[in-house]
Amino acid sequence: MPPFGVREFRVTETVRMYRMPFPVKSETEYFSSVYLLGNDFSPTSDDICFRAKMLKEEAKNTSQLARKIHDWLTANVKYEINHKELGAEYCYTHRKGACDEHADLFVSMARCVGTPARRVTGSLVNSSQLNGHAWSEYYDGGWVYVDPSVKYRDQAWVTDNKHIVACVGEGAYHCGVGYSYIYTGRKPNITVEEQTYLS
């Protein structure tokens, strides 16, 4: 390019992503008793467990319990983006939170009543955007996907290629998601490799 002046050119973006297999109904080998215990982000506190026990009384099986928890979340918890992860206790007390808090509270409530649950961290593809995201799985003869931040019940259980899994389980609370972006164009020929991390 000359030292002065402006030259316009077009940059085309190619994104290559590799999706991990999603354990919708995985084998029992994935099960661990740690998924029954509370942790810093998904505690089994008295208040959360009290609500979960009330919901369990209305459910005949694990599937119904998961739907009761989801319905309670969508009716009582407002979606609100946060700049840091606040956990299930904050979500329950303030009745608001982002996808992280929705997932954490679902896990807490399920664990409170003896249903193994775990958090999944990854990314969600929306149109041309790629955003960090979190959702949950509960155990019912295999791990079952549910996105508690989705307000429409029929869509909350639908797995799709828009949810890209990075970390599952207890390590998912401190998980970064890495993708490689390669930009190419013509006149001038540009190739830039960049590693981006989403949390």
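Is lysine 96 buried or partly exposed? In this predicted model, lysine 96 is partly exposed, with a relative accessible area of 25%, and its side chain takes part in one of the salt bridges described below.

## Salt bridges between separate elements

A search of the whole structure finds 6 salt bridges. In one of them, the side chains of glutamate 80 and lysine 96 meet with an N to O distance of 3.6 Å. The pair links distant parts of the chain, since glutamate 80 belongs to the loop between β2 (78–79) and α3 while lysine 96 belongs to strand β3, 16 residues apart. Glutamate 80, like its partner, is partly exposed, its relative accessible area being 26%.

Another salt bridge joins glutamate 58 to lysine 68, where the closest N and O atoms are 3.7 Å apart. Here too distant parts of the chain are linked, with glutamate 58 in the loop between α1 and α2 (62–76) and lysine 68 in helix α2, 10 residues apart. Glutamate 58 counts as partly exposed at 48% relative accessibility, and lysine 68 counts as partly exposed at 29%.

## The network around arginine 119

Arginine 119 and glutamate 85 form a salt bridge whose closest N and O atoms are 2.3 Å apart. Because arginine 119 lies in strand β4 (residues 117–126) and glutamate 85 in the loop between β2 and α3, the pair ties together parts that are 34 residues apart in sequence. The two partners fall into separate accessibility classes: arginine 119 is buried, with a relative accessible area of 2%, whereas glutamate 85 counts as partly exposed at 23%. Both residues belong to a network of salt bridges that also includes Asp100 and Asp104.

## The disulfide and the other cysteines

The count comes to 1 disulfide, formed by cysteine 49 and cysteine 112, whose sulfur atoms are 2.1 Å apart. The link is left-handed, with -70° about the S-S bond. Cysteine 49 lies in helix α1 (residues 46–57) and cysteine 112 in helix α4 (residues 99–112), so the disulfide ties together parts that are 63 residues apart in sequence.

Both bonded cysteines are buried, cysteine 49 with a relative accessible area of 11% and cysteine 112 with 14%. Cysteine 91 is also buried, at 0%, and cysteine 99 is buried at 6%.

## Histidine 102 in helix α4

Histidine 102 is placed in helix α4 and is buried, with a relative accessible area of 0%. A polar atom of the histidine 102 side chain lies 2.9 Å from the backbone oxygen of alanine 98. When residues up to four places away in sequence are not counted, histidine 102 touches Leu73, Val77, Lys78, Tyr79, Cys91, Gly97, Pro148, Ser149 and Lys151. One of these contacts, Cys91, is the buried cysteine 91 already described.

## Loop residues and a nonpolar patch

Arginine 95 is found in the loop between α3 (87–94) and β3 (96–97). The phi of arginine 95 is near 55°, a positive value in a residue other than glycine, and arginine 95 is partly exposed, with a relative accessible area of 29%.

On the surface, Val34, Leu36 and Leu37 form a nonpolar patch that has about 220 Å² of accessible area together. Leucine 36, one of the patch residues, is located in the loop between β1 (12–16) and α1, where leucine 36 is partly exposed with a relative accessible area of 33%.

How values were computed
Residues are numbered from 1 along each chain as its sequence is written. This is a predicted model: local features need pLDDT of at least 70, side-chain atom pairs count only at pLDDT 80 or more; totals for chains, interfaces and linings use all residues. Side-chain values use heavy atoms; hydrogens and water are left out. A disulfide is a pair of cysteine sulfur atoms within 2.5 Å. Helices (H or I, at least four residues) and strands (E, at least two) are DSSP runs, numbered from the N terminus. Buried means under 20% relative accessible area, exposed over 50%, partly exposed in between (1.4 Å probe, protein chains only). A polar contact is a pair of N or O atoms within 3.5 Å; within protein, one must be able to donate a hydrogen and the other to accept it, and residues adjacent in sequence count only if both atoms are side-chain atoms. Contact means heavy atoms within 4.5 Å. Patches are made of residues with over 30% relative accessible area and no salt bridge: like charges are joined within 9 Å, nonpolar side chains (Val, Leu, Ile, Met, Phe, Trp, Tyr) within 5 Å. Accessible areas come from the Shrake-Rupley method with a 1.4 Å probe; for residues, only the protein chains shown count as cover. A salt bridge is a side-chain nitrogen of Lys or Arg within 4 Å of a carboxyl oxygen of Asp or Glu.
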